[in-house]
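This report describes a predicted model of one protein chain. The overall make-up comes first, followed by selected helices, their packing and a few single residues.

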Amino acid sequence: MMVASSEVLWAQNPDALVAMAPDGLVLHWNPAAESIFGYTEAEVLGQSLFQLIVPPDQLEDARRMQNEALRGGLSVGESVRRRKDGTLVHVSVSTKAVYDADGQLAYFLSNKKDVTHLKVLRDAKLVEARFRDLLESTPDAIVMVNVTGRIVLVNGQAEKMFGYLRTELLGKPIEVLLPPRFRTAHLARRGGYFEQPRTRTMGAGLDLYGLRNGGVEFPVEISLSPITTEEGTMVMSAIRDTSARKKADQKFRDLLESAPDAMVIVNREGVMVLVNSQAVQLFGWTREELLGEKIEILVPERFRGKHPGNRGAFFSSPRARSMGAGLDLFGRRKDGSEFPVEISLSPLETEEGLFVSSAIRDVTERKQFEQALWDKNQELENAALVKDRFFASMSHELRTPLNSIIGFTGTLRMKLPGPLNDEQDKQLRIVQTSARHLLSLINDLLDLAKVGANKLDLKLEPMDCNGVLEEVAATMRPEAEKKGLHFTVNLTDNAAMLQTDRRALSQIILNLVGNAIKFTERGSVRLQLQQRAINGHPQVLIHIEDTGPGIAQEDQARLFEAFSRAEAANRRKSEGAGLGLHLSRKLADALGGRIVFTTEYGRGSIFTLELPGT
């Protein structure tokens with residue numbers, strides 16, 4: 001049998017063989033060492049072995065094994081070493097101190113066997129026995145790895161999620177479950193985690209993805225927990241598929257983008273976590289500039305001091321509402337310019353806690369319109385006051401000479417100054433009638449001016465409405481009978497008591513009855529008094545019913561407007577200025593009542609004055 005030379009043994013040995021000078025520099029490096037650790041011989045010769053393949057947390061142990069070899073000539077043990085790509089391997093290490101002929105230390109000869117797979121099997125048996133039943137009952141996918149990042153346990157949910165059998169994953173690097181583009185970065189993060197192991201969410205704020213068997217990617221959320229065992233520290237990863245949530249989030253973002261208002265979502269600390277394009281356009285910042293910043297940068301500086309307190313109050317009692325109702329709120333653009341806003345706040349419950357969604361609307365145009373409208377209203381109010389003062393002043397000025405004309409005309413017609421012929425009496429009667437009509441119009445204008453200026457002097461007193469209607473009937477009956485109309489009055493058996501102003505009440509009824517007589521050419525006019533109770537409150541109703549032409553549909557909407565008159569097509573134009581109904585409604589409002597009507601064109605109308613009884 002032919003014995004291989006030492007060089008062949010060195011080259012063909014399946015274990016890594018390394019010769020190291022007393023100062024730790026590499027003197028020899030066999031092909032197996034290159035295969036296990038990833039470094040070529042040219043890369044390691046003359047380099048410090050400790051810096052190349054010994055992790056920082058294993059340096060002390062490596063020094064200890066070297067000292068044992070110095071004392072006893074040989075040291076044996078298991079440890080962890082780092083490959084060129086950053087991954088870790090479990091190795092069984094045998095180190096021998098070699099001396100020269102003078103008894104001086106020449107070099108250390110180290111044999112390193114890769115026992116990663118054996119270590120995985122031992123770890124898998126350990127965690128299977130201790131954690132298997134517990135982890136199978138959890139709703140999340142669980143993957144446990146040892147310090148080298150090799151998978152030592154997966155539960156049934158992980159098998160379903162990633163599409164692998166348990167036997168296919170045991171011993172594989174955890175990176176097989178990640179898309180290739182993330183694997184390099186993950187190695188560095190994994191190493192950093194083992195240096196400072198603690199329970200935490202992995203990749204907070206990052207978009208993490210898993211890789212199913214077959215190459216399909218899906219979004220995940222991962223929680224990491226260190227597990228201490230007699231075989232060393234291991235890491236348990238709880239993995240949740242967030243595909244459904246991502247779809248919901250995307251729908252929410254799409255909905256947010258389609259909103260017509262600027263939308264800003266903040267967390268409890270007031271930090272903006274989501275903004276839509278309208279917010280970017282409205283405030284002039286980029287999306288990247290806004291995200292992560294406090295909401296107060298969108299608030300004018302003079303309001304910033306109070307805003308955190310208001311924000312805290314909302315989180316203490318979260319409910320959908322308008323912010324600052326009744327206040328003038330302002331937003332601040334990136335360039336420092338301010339603009340009026342309207343804000344609606346809505347609480348938003350998420351798995352990450354309570355957030356607040358703010359819908360912000362620029363109301364600059366509306367504010368300008370409101371100001372212009374307010375200015376116009378002020379202008380109209382001033383004009384109305386001028387008009388009312390003019391009516392009041394001119395009405396008083398005109399009533400004095402008119403009363404004189406009426407009085408002197410009456411004196412002449414009584415023939416006190418001397419006799420009159422028939423033509424003279426006829427002309428004086430026309431003058432007297434016209435003067436009285438003009439005086440009635442002036443009185444209406446004066447009352448209207450008083451109502452408009454809120455100077456109507458009402459004297460409220462208790463009275464029986466029956467008596468008022470009898471007085472009105474006595475006044476209006478001659479006019480009705482003169483036209484050949486059947487005029488009837490229906491009163492109540494009991495007293496219909498009111499707390500009201502007699503003159504105002506009489507004027508309303510006179511106006512309504514006068515209109516009924518004036519517009520009714522044939523038939524009847526009926527004045528009826530009625531009492532009733534609504535929800536226990538007494539009410540007095542005064543109905544004025546006629547058989548006149550009725551009111552056309554197109555005229556009904558403006559019936560109570562000042563200077564408006566509804567005309568029948570088959571009737572001559574009636575006298576009057578169209579103030580009667582307008583003034584009557586104003587007086588009814590002042591008395592706490594209202595006027596309603598029903599009508600049928602060509603058949604007649606019923607006007608009803610409703611007043612609170614006592």
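The secondary structure of the protein chain amounts to 20 helices and 24 strands. The chain has 614 residues, of which 40% count as buried. Of the contacts between residues at least 6 apart in sequence, 53% join residues at least 24 apart.

**Two bent helices**

Helix H6 covers residues 116–136, and helix H17 covers residues 465–482. Their lengths and bends are set out below.

| Helix | Residues in helix | End-to-end C-alpha distance | Expected at 1.5 Å a residue | Bend |
|---|---|---|---|---|
| H6 | 21 residues | 26 Å | 30 Å | about 55 degrees, centred on Arg-130 |
| H17 | 18 residues | 26 Å | 26 Å | about 40 degrees, at Met-476 |

H6 falls short of the span that a straight helix would reach, and a kink is centred on Arg-130. H17, by contrast, has a span close to the expected value, although the helix bends at Met-476. A proline, Pro-478, follows the H17 bend within four residues.

The buried residues of H6 include the charged side chains Lys-119, Asp-123 and Arg-132, along with Val-120, Leu-126, Val-127, Phe-131 and Leu-135. In H17 the buried residues are Cys-465, Asn-466, Val-468, Leu-469, Val-472, Ala-473, Met-476 and Ala-480. The bend residue Met-476 is thus among the buried positions of H17.

**Packing around H17, H18 and H20**

The buried residues of H17 pack against five strands and one helix: strands S18 (461–464), S19 (486–490), S20 (497–500), S21 (524–534) and S22 (537–546), and helix H18 (502–519). After the end of H17 comes Gly-484, with a positive phi near 80 degrees.

The axes of H17 and H18 come within 10 Å and cross at roughly 35 degrees. The crossing is right-handed. On the H17 side, the residues that meet H18 are Cys-465, Val-468, Leu-469, Glu-471, Val-472, Thr-475, Met-476, Glu-479 and Ala-480. Their partners in H18 are Arg-502, Leu-505, Ser-506, Ile-509, Leu-510, Val-513, Gly-514 and Ile-517. By class, this contact has eleven nonpolar, three polar and three charged residues.

H18 also packs against helix H20 (residues 580–590). Here the axes come within 9 Å and cross at roughly 145 degrees, and the crossing is left-handed. H18 contributes Ala-504, Gln-507, Ile-508, Asn-511, Leu-512 and Asn-515, while H20 contributes Gly-580, Leu-581, Leu-583, Ser-584, Leu-587 and Ala-588. The contact of H18 with H20 has seven nonpolar, five polar and no charged residues.

Buried residues of H20 are Gly-580, Leu-581, His-582, Leu-583, Ser-584, Leu-587 and Ala-588. H20 is followed by Gly-592, where phi is again positive, near 85 degrees.

**A positive phi outside glycine**

Asn-535 sits in the loop between S21 and S22. Its phi is near 55 degrees, a positive value in a residue other than glycine. Most residues other than glycine have a negative phi. Asn-535 counts as exposed because its relative accessibility, 75%, is over the 50% cut-off.

**Residues in strands S23 and S24**

Phe-597 lies in strand S23 (residues 594–600). Its relative accessible area is 23%, so Phe-597 is partly exposed. The C-alpha atoms of Phe-597 and Phe-607, ten residues apart along the chain, are separated by 4.4 Å. Beyond its neighbours within four places in sequence, Phe-597 touches Ile-551, Gln-556, Leu-559, Phe-560, Ile-606 and Phe-607.

Gly-604 belongs to strand S24 (residues 604–612). With a relative accessibility of 8%, under the 20% cut-off, Gly-604 counts as buried. The C-alpha atom of Gly-604 is 4.2 Å from that of Thr-547, a residue 57 places away along the chain. Leaving aside neighbours within four places, the contacts of Gly-604 are Asp-546, Thr-547, Gly-548, Pro-549, Gly-550 and Thr-599.

**A position in H15**

Asn-403 is in helix H15 (residues 364–413) and is partly exposed, with a relative accessible area of 43%. Asn-403 and Ala-435 are 32 residues apart in sequence, and their C-alpha atoms are 8.2 Å apart.

How values were computed
Residues are numbered from 1 along each chain as its sequence is written. This is a predicted model: local features need pLDDT of at least 70, side-chain atom pairs count only at pLDDT 80 or more; totals for chains, interfaces and linings use all residues. Side-chain values use heavy atoms; hydrogens and water are left out. Helices (H or I, at least four residues) and strands (E, at least two) are DSSP runs, numbered from the N terminus. Buried means under 20% relative accessible area, exposed over 50%, partly exposed in between (1.4 Å probe, protein chains only). Contact means heavy atoms within 4.5 Å. The expected span of a helix is 1.5 Å times one less than its number of residues. The bend at a residue is the angle between axes fitted to the seven residues ending there and the seven starting there. Axes are lines fitted to C-alpha atoms, for helices over the stretch in contact, and angles run from 0 to 180 degrees between N-to-C directions. A crossing is left-handed if the near helix is turned anticlockwise from the far one by less than a right angle, and right-handed if clockwise.
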